[in-house]
Amino acid sequence: MSAATTALAPLSGRRRAADKVMRAVLAIGTLVALVPLVLVIYYLLKKGLGAWSWGFFTTDPTGNFLGDQGGVKSALLGTIEMVLLASLIAIPIGWGVGLYLVEFGRTGRFAAAVRYFVDVMTGVPSIVFGLFIYVTLVLSGWGGSSFAGWKGSVALALLMLPVVTRSAEVVLLLVPDGLREAALALGTPRWRVTMKVVLPTALPGLVTGSLLAVARAAGETAPLLFTATIVNGTTFNLGDRMNSLPVQIYTDVGSPNDQLVQRAWGAALALVTLILLTTLAARLISRRSRLS
Amino acid sequence: MAATTPDVRTGGRSILERSPSARRADPMFRVLLVGLAGLILALIAFFFVYLITKAQPALSHQGVFSFLFTNDWNPSKAIYGAWPLVVGTLITAAIALVIGVPVAVATALFITELAPRRVRGPLTVLVELLAAVPSVVYGLWGIFVLIPKLKPAEQWFSDTFSFLPFIGGNVAGPNYFIAGLILAIMILPIVSAISREVISTVPPDLKEASLALGATRWEMIRMAVLPYARSGITGAAMLGLGRAIGETIAVTLVIGNSPTIGKQLFDQGYTLAAVIANEFGEAANDKIHAGALFAAGLVLFLLTLVINALARGLVRRAEKKGQTVTVVPGTGAA
């Protein structure tokens, strides 16, 4: 065998140097990646905390041209309401499709097509989902109003659906087949195996994936811009126009009023905090999972 | 066992047999789940067709080819040539890839191959936190921090390297470069995450073999890891490209929204997604203008659909390749 000739030459100074340099490059690259994170958080805290006060969270935007501009109460509540409704739509469907893919559709053309389009849907820009809802539900004045909170929720749900489905599929695949087979061998019908064995086993993971989708939806502006739009007042009627933190920030940023820009920073800090808390909850729940 | 009592029949039916209604539950359950899955396919098809019909007025007014390739976007004169928007979209996405992908791959390689085991988890979480920051917050940060702080540096660069193509002249506040930079930050977490996934499927045999032959860590990465993961990393970069093309709000805030083709890197521009976000309000009562925006959305939809389809194909194949190799007997406890 000529193994000796195919092995690398003894370690020369040049190769050692190349190794050192490239290791340093990769480490620096990683640091560079973290710079924007640090900067964004630094500026959010620096400019956002100053805007926070009791009144900031308990008053609606006034919409006055001059003078007191009010807080973000309606935006905060609107975001929570719309994201909740979107979750109610997207999570059951997403889990259902995930169950289908794992329990019945591991092979077959239809399942492959579904899997493929769910994958592709994760990459469709959020503004396109907004447009979808705009042309189908808003322009046609569905449900008696043009812009409405629930239409914003539907747009957000479309955005969440592929994320929920994909994560559900991944988690459900981790449920050991032995568990399913044991339950089936006891004579349990398929649907009971799914509902009583597979779902409970996978539950922590399913919740984690769904919460991550919720976190993503909460920060989206584009799908809400032309479905729920923006109003000043707080409303609990999802048939009305509804305010949200991202859209509020977006409109405030575009204004020349310093007070509004200040409010945008405060609202941005609130939004990021909300998202981070959701993400944190997701991570904590995933720790409880016995699957890995 | 005690369960096998002589009385196996109750009412003429074995206790092992399910009642007719119970037997119906399983197929119904299956149909329900298949229906949900079919719903997704139906929704995509429905939206696609609906968007085409709504874009029709503008496309027949302007012509599909002319819509895409005319360099004149002037809604007040009912001229809808989206070429400046297409160019702006491609330029910003290209900048994002040039800056974002090398950093993302470096991060992925460092985390999977070089970092001490203890910091891998925290580093992964930190990089993923970049994805938790919403688009509008990046836009806010871009306008009030990045644009003013970077302007002197951009002007210096523009003056010093004015002999290069597409460099030189006055730097606009919001411009292609800033938009591309923000996009680079936004695509970093996904490109890094998928690269990491693909790199982790590289069989340990290959890496150990190269180390055993006397390769340094970097040589191991260059000769064993990178060639193996190349197609997967390409797929990751393409997924990033899809994100960059469709990203709306952050770009709208920092690109200047001028429907012309900028002459240099630091000129203002416009993108397909940004024009939709900006003009849909004024277009609501104008069928052709609204149609032009729907057509822009359609272009975005198709573009991202194709890019994602290709990218997913690459990533899935790369991961499968890893799986089939790692199950080869003799790979040890992996």
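Here are some worked exercises on the two-chain model shown above.

The model is predicted, with local features requiring pLDDT of at least 70 and side-chain atom pairs counted only at pLDDT 80 or more, while totals for chains, interfaces and linings use all residues. Residues are numbered from 1 along each chain as its sequence is written, and chains are lettered from A and ligands numbered from 1 in the order in which they are written.

**Exercise 1. Secondary structure and spread**

Task: Find how many helices and strands chain A has, and explain why chain A counts as more spread out than a compact globule.

Solution:
- Start with the terms: helices (H or I, at least four residues) and strands (E, at least two) are DSSP runs, numbered from the N terminus.
- By that rule, chain A has 12 helices and zero strands.
- Next comes the radius of gyration, taken over C-alpha atoms; the globule rule is 2.2 Å times the number of residues to the power 0.38.
- That rule gives 19 Å for 292 residues, and chain A has 25 Å, well over this, so chain A is more spread out than a compact globule.
- The C-alpha trace of chain A spans about 85 × 65 × 35 Å along its principal axes.

**Exercise 2. Now chain B**

Task: Work out the helix and strand counts of chain B and its radius of gyration.

Solution:
- Chain B has 11 helices and four strands.
- Its radius of gyration is 27 Å, where a compact globule of 334 residues would have one near 20 Å.
- Along the principal axes, the C-alpha trace of chain B spans about 95 × 65 × 35 Å.

**Exercise 3. A hairpin in chain B**

Task: Describe how β3(B) and β4(B) pair.

Solution:
- Two strands pair if DSSP finds at least two bridges between them.
- Here, four bridges join β3 (residues 71-74) to β4 (residues 79-82) of chain B, and the two strands run antiparallel.
- One of the partners is easy to look up: Asn71(B) is bridged to Ala82(B) in β4(B).
- The two strands form a hairpin with four residues between them, and Ala78(B) in the turn has a positive phi of about 60 degrees.

**Exercise 4. The nonpolar core**

Task: Identify which residues touch the most other members of the largest nonpolar core.

Solution:
- A residue is buried if 20 or more other C-beta atoms lie within 10 Å of its own, exposed if 12 or fewer, and partly exposed in between, with C-beta atoms placed from the backbone.
- A nonpolar core is a set of buried Ala, Val, Leu, Ile, Met, Phe, Trp, Tyr and Cys residues joined through C-beta atoms within 7 Å.
- The largest has 197 residues, and Met160(A), Ala268(A) and Ala296(B) touch the most other members.
- Helix α6 (residues 176-199) of chain B gives the most to this core, 17 residues.
- Two residues are in contact if their C-beta atoms, placed from the backbone, lie within 7 Å.
- Beyond its neighbours within four places in sequence, Ala296(B) has contacts that include Ala82(B) and Leu272(B).

**Exercise 5. Where the chains meet**

Task: Find what chain B brings to its contacts with chain A, and place Ile44(B) in the picture.

Solution:
- In all, 70 residues of chain B are in contact with 67 residues of chain A.
- Helix α1 (residues 20-62) of chain B supplies the largest share of the chain B side, 16 residues.
- Ile44(B) belongs to this helix, α1 of chain B.
- Ile44(B) counts as partly exposed because it has 19 C-beta neighbours inside 10 Å.
- Setting aside neighbours within four places in sequence, Ile44(B) is in contact with Phe117(A) and Met121(A).
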